[in-house]
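Thanks for taking a look at this one with me. Here are some notes to help you find your way around.

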Amino acid sequence: KESFKKFLESTKQKIVANLSNPGVEQTLASHLTSGNTIIDYSKHLIGFPLQIPGEFNIMNASAAFQVGLILGIAPKTIKKSLQNYKGVGRRFEYIGTYLGAKVYSDFGHHPTEIKVTMEAVRQKFPKQRILLVYQPHMFSRTIALFPDFVKVFQNLPADKTFIMDISPSREVDTGLVTSKQLVKAINNPSVSHLGGVTTTLEKIKPEIKSNDIVFFMGAGDTDKLAKELVN
């Protein structure tokens, strides 16, 4: 929050922001100089389809459209570019198939990212069975966001969720939190503990059926596992 505050205070001209959430406009105004102009892109949402799913991408594209206008780019050029955009690696990235199931990889690892991404998956595949393989990232983040993780996973639009052991990244395990504790707190029969990286594919393969959507999500080993499954 302090970093965003410093960024706003150093901005000299225009701010493109979403003012639809309560308090945002007041917060922005308190950190801007009199010469700033705030453009609320939530009042100028795009009216054309994108190749990438999710309401959040409609919001992102709408913000990008306003930035393009500020830079003097022709509206038809902005529209064409946004409509041709197919996304980036590890964001709803299609990896391939396994036994007739479609396999995707996504970098999302914070609760809000997980929530909006899986909502987009359900929006894109409303009638198919969705399996999520999720790997928590870092012990400190899992502890700090524990209640948020519980809330998100209790209401996730996935048919089955498998939570791997926590990816330590640069941290050392101090024994303060585990994925088993997270699964127990979620207390949802569709959410289960999967275990470590070496046994993940061995355990997940029998669960996959033809026409399933298999989503590997996390900032650690999940992308590699998704590609191993397909290959």
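The points below go from the sheet to its helices, rings, charged pairs and one loop residue.

1. **Before you start.** This is a predicted model, in which local features need pLDDT of at least 70 and side-chain atom pairs count only at pLDDT 80 or more, while totals for chains, interfaces and linings use all residues. Residues are numbered from 1 along each chain as its sequence is written, and side-chain values use heavy atoms, leaving out hydrogens and water.

2. **The sheet.** A good place to begin is an open sheet of six strands, in the order 3-4-8-5-6-7 and with mixed pairing. Its edge strands are strand 3 (93-98) and strand 7, each pairing on one side only. From one strand to the next, the twist averages 25°. Axes here are lines fitted to C-alpha atoms, for helices over the stretch in contact, and angles run from 0 to 180 degrees between N-to-C directions. Helices (H or I, at least four residues) and strands (E, at least two) are DSSP runs, numbered from the N terminus. Two strands pair if DSSP finds at least two bridges between them.

3. **Strand 5 and its neighbours.** Which strands pair with strand 5? Strand 8 (residues 213-217) does so in the parallel sense over five bridges, and strand 6 (residues 160-164) also runs parallel to strand 5, joined by four bridges. You can follow both pairings from L132: its bridge partner in strand 8 is F215, and its partner in strand 6 is T161.

4. **How enclosed is strand 5?** Five of the five residues of strand 5 (residues 130-134) are buried, so the strand is largely enclosed by the rest of the structure. Buried means under 20% relative accessible area, exposed over 50% and partly exposed in between, with a 1.4 Å probe and protein chains only. I130, L132 and Y134 point one way, L131 and V133 the other, and all are buried.

5. **An antiparallel pairing, and the helices.** Strand 3 and strand 4 (residues 101-106) pair in the antiparallel sense over five bridges, and Y98 has A101 as its bridge partner in strand 4. Helix 5 packs on the sheet, touching strand 4, strand 5 and strand 8, and its direction makes about 165° with that of strand 8. Contact means heavy atoms within 4.5 Å. Helix 7 (residues 146-154) lies across strand 5, strand 6 and strand 7, running at about 165° to strand 5.

6. **Aromatic rings.** The structure holds nine aromatic pairs. One of them is Y104 with F215, a stacked pair at 5.6 Å centre to centre with 15° between the planes. Y104 lies in strand 4 and F215 in strand 8, so this pair ties together parts that are 111 residues apart in sequence. Y104 is buried at 6% relative accessibility, and F215 is buried at 0%. Rings of Phe, Tyr and Trp (its six-membered ring) pair if their centres lie within 6.5 Å; planes under 30 degrees apart count as stacked, over 60 as edge-to-face and the rest as tilted. Ring pairs also link F92, Y94, Y104, F125 and F215 into a cluster.

7. **A salt bridge between loops.** A salt bridge is a side-chain nitrogen of Lys or Arg within 4 Å of a carboxyl oxygen of Asp or Glu, and by this rule the count comes to eight. Among them is D212 with R129, whose closest N and O atoms are 2.7 Å apart. D212 lies in the loop between helix 9 (197-204) and strand 8 and R129 in the loop between helix 5 and strand 5, so the pair ties together parts that are 83 residues apart in sequence. D212 is buried, at 4% relative accessibility.

8. **Salt bridges within helices.** E119 and K115 both lie in helix 5 (residues 111-124), four residues apart, about one turn of the helix. Their closest N and O atoms are 2.8 Å apart. E119 is partly exposed at 38%, and K115 is partly exposed at 39%. D223 and K227 are likewise four residues apart, in helix 10 (residues 222-230), with their closest N and O atoms 3.1 Å apart. Here D223 is buried at 11%, whereas K227 is partly exposed at 36%. R90, D223 and K227 are linked in a network of salt bridges.

9. **A loop residue.** Is P189 buried or exposed? P189 counts as exposed, at 86% relative accessibility. P189 is found in the loop between helix 8 (179-186) and strand 7 (191-195).
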